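Welcome! Please take a moment to look at the sequence and the model, and then read on.

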Amino acid sequence: MNKRRILAIVMTAVMVLGIIPTAGFAVTDEPVMEFADMPDNWSTSALERAVQNGLLNGYTENGELLIKADAPLKRAELAAVVNRAFGATKVAELKGVT
C-alpha cells in the first residue's frame, strides 16, 4: 500500500471514531429530576438530557426545584456548565478578578 492510501484509511477511521459519543456524555436510564417549571416545548428533551448528563442542576427556591429555562443565562452559569462538560475539578483563587 502506498502512503496516501494508508493516510486515507487512518483519517477515515479517525472521523468515524470521532462521531461516536463518549461514555462521559452517555444518556443514562436514571430518572430525570422533576422541575416545577420545566417547559413543554422544543427545549424539553435537550434540557432533560443536560440534566441526565450532569450539566444542569437547577435551583431550589421555596422548596421547589426549578430549571429556569426562560431566564437569561449568566456568565457564571455558563462557566459552570462548560466546567462540568469538560470535567474540570481544580479550584482557582479569584482575588482581583472584576
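Here is a short tour of backbone angles, a helix face and a surface patch.

This is a predicted model, in which local features need pLDDT of at least 70, side-chain atom pairs count only at pLDDT 80 or more, and totals for chains, interfaces and linings use all residues. Residues are numbered from 1 along each chain as its sequence is written, and side-chain values use heavy atoms, with hydrogens and water left out.

Let's begin with helix 2, residues 44-52 (helices are DSSP runs of H or I with at least four residues, strands are runs of E with at least two, and both are numbered from the N terminus). Thr44, Leu47, Ala50 and Val51 are buried there (buried means under 20% relative accessible area, exposed over 50%, partly exposed in between, with a 1.4 Å probe and protein chains only). Looking down the axis of helix 2, these buried residues fall within an arc of 130°, so they line one face; the arc is that of the directions from the helix axis to the C-beta atoms. Gly54, with a positive phi near 80°, follows helix 2.

Most residues other than glycine have a negative phi. Here are two non-glycine residues with a positive one:

| Residue | Phi | Location | Relative accessibility |
|---|---|---|---|
| Asn62 | about 55° | loop between strand 1 (59-61) and strand 2 (64-66) | 83%, exposed |
| Lys68 | about 50° | loop between strand 2 and helix 3 (75-86) | 31%, partly exposed |

Finally, Leu78 lies in helix 3 and is partly exposed at 43% relative accessibility.
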